[in-house]
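Good morning, and thank you for coming. Please keep the sequence and the structure in view while I speak.

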Amino acid sequence: MSLKGILPSGAVLSVLGFSENYKRAFQREVQSAYYSQDAVTIHPIVYYYHCSQCKKEVTESCIMVSDDLHLVHAFQQAVFLIIFCLQGN
């Protein structure tokens, strides 16, 4: 049995990850642009919870892309606020 299968009502299971320093590039860019590329961080988030109205297991996902490496905590707080609202709390 998986953890999400025994998730109690009102609980949320979150799976968070990140890919740091992902370089942005444009197709057919000039060679000099290779040396001035900016890096971004990708934050994929998947969360599971039980819907308080329909009593079904719900899977939601969110992907955030940022060029500021210090916003990880702000992203997590925003996602948790969304989950809180979705649960009807």
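His70 is exposed, because its relative accessible area is 73%, and exposed means over 50%. This residue is found in the loop between strand E4 and helix H1. Thr41 lies 29 residues from His70 along the chain, and the C-alpha atoms of the two are separated by 9.9 Å.

I should say at once that this is a predicted model. The mean pLDDT of the protein is 76, and 76% of its residues reach 70 or more. Which strand has the lowest confidence, and which element has the highest? The lowest is strand E2, residues 19-23, with a mean of 72, while E4 is highest at 86. Where pLDDT is low, the predicted coordinates should not be read in detail.

Let us now consider the overall arrangement. The protein has 4 strands and 1 helix. Along the sequence, these elements follow the pattern β-β-β-β-α.

Next, the pairing of the strands. E3 and E4 pair in the antiparallel sense, and 10 bridges join them. Within this pair, Tyr47 has Glu60 in E4 as its bridge partner, and Tyr49 is bridged to Val58, also in E4. The two strands form a hairpin with 6 residues between them. Lys55, in the turn of that hairpin, has a positive phi of about 60°.

Ser52 is also found in the loop between E3 and E4. Is Ser52 buried, partly exposed or exposed? Its relative accessibility is 41%, so Ser52 counts as partly exposed. Ser52 and Gly10 are 42 residues apart in sequence, yet their C-alpha atoms are 7.8 Å apart in space.

E3 has a further partner in E1. These two strands run antiparallel, and 5 bridges join them. Leu16 stands opposite Ile45 in E3.

Gly17 lies in the loop between strand E1, residues 12-16, and E2. With a relative accessible area of 28%, Gly17 is partly exposed. Which residues does Gly17 touch, if those up to four places away in sequence are not counted? They are Ile42, His43 and Pro44. Gly17 and Val46 are 29 residues apart in sequence, and the distance between their C-alpha atoms is 9.1 Å.

I turn now to the interior. Which residues make up the largest nonpolar core? There are 9 in all: Ile45, Tyr47, Tyr49, Cys51, Val58, Met64, Phe75, Val79 and Ile83. The elements that give two or more residues to this core are strand E3 (39-50), strand E4 (57-66) and helix H1 (72-86). Two of its members have already appeared in the hairpin: Tyr47, the partner of Glu60, and Tyr49, the partner of Val58. Ile45, another core member, is the residue that Leu16 stands opposite.

Phe75 deserves a moment of attention. Not counting residues up to four places away in sequence, Phe75 touches His43, Met64 and Ser66. Met64, like Phe75, belongs to the core. His43 is also among the residues that Gly17 touches.

That brings us to Ser66, whose place is in strand E4. Why does Ser66 count as buried? Its relative accessibility is 7%, and buried means under 20%. With residues up to four places away in sequence again left out, Ser66 touches Val40, Thr41, Leu71 and Phe75. Thr41 is 25 residues from Ser66 along the chain, and 5.4 Å separates their C-alpha atoms. You will recall Thr41 from the beginning, where the separation from His70 was 9.9 Å.

Finally, some values for the protein as a whole. Buried residues make up 21% of its 89 residues. The protein exposes about 6,800 Å², and carbon and sulfur atoms supply 57% of that area. Among contacts between residues at least 6 apart in sequence, 50% join residues at least 24 apart. The contact of Ser66 with Thr41 joins residues that are 25 apart along the chain.

Thank you for your attention.

How values were computed
Residues numbered from 1 in each chain as written. Predicted model: local features only at pLDDT ≥ 70, side-chain atom pairs only at ≥ 80, totals over all residues. Heavy atoms only, no water. Core = buried A, V, L, I, M, F, W, Y, C linked by side-chain atoms within 4.5 Å. Buried < 20%, exposed > 50% of the residue type's maximum accessible area, 1.4 Å probe, protein only. Contact = heavy atoms within 4.5 Å. pLDDT = per-residue confidence, 0-100. Pairing = 2+ DSSP bridges. Areas by Shrake-Rupley, 256 points an atom, 1.4 Å probe, with all protein chains shown as cover.
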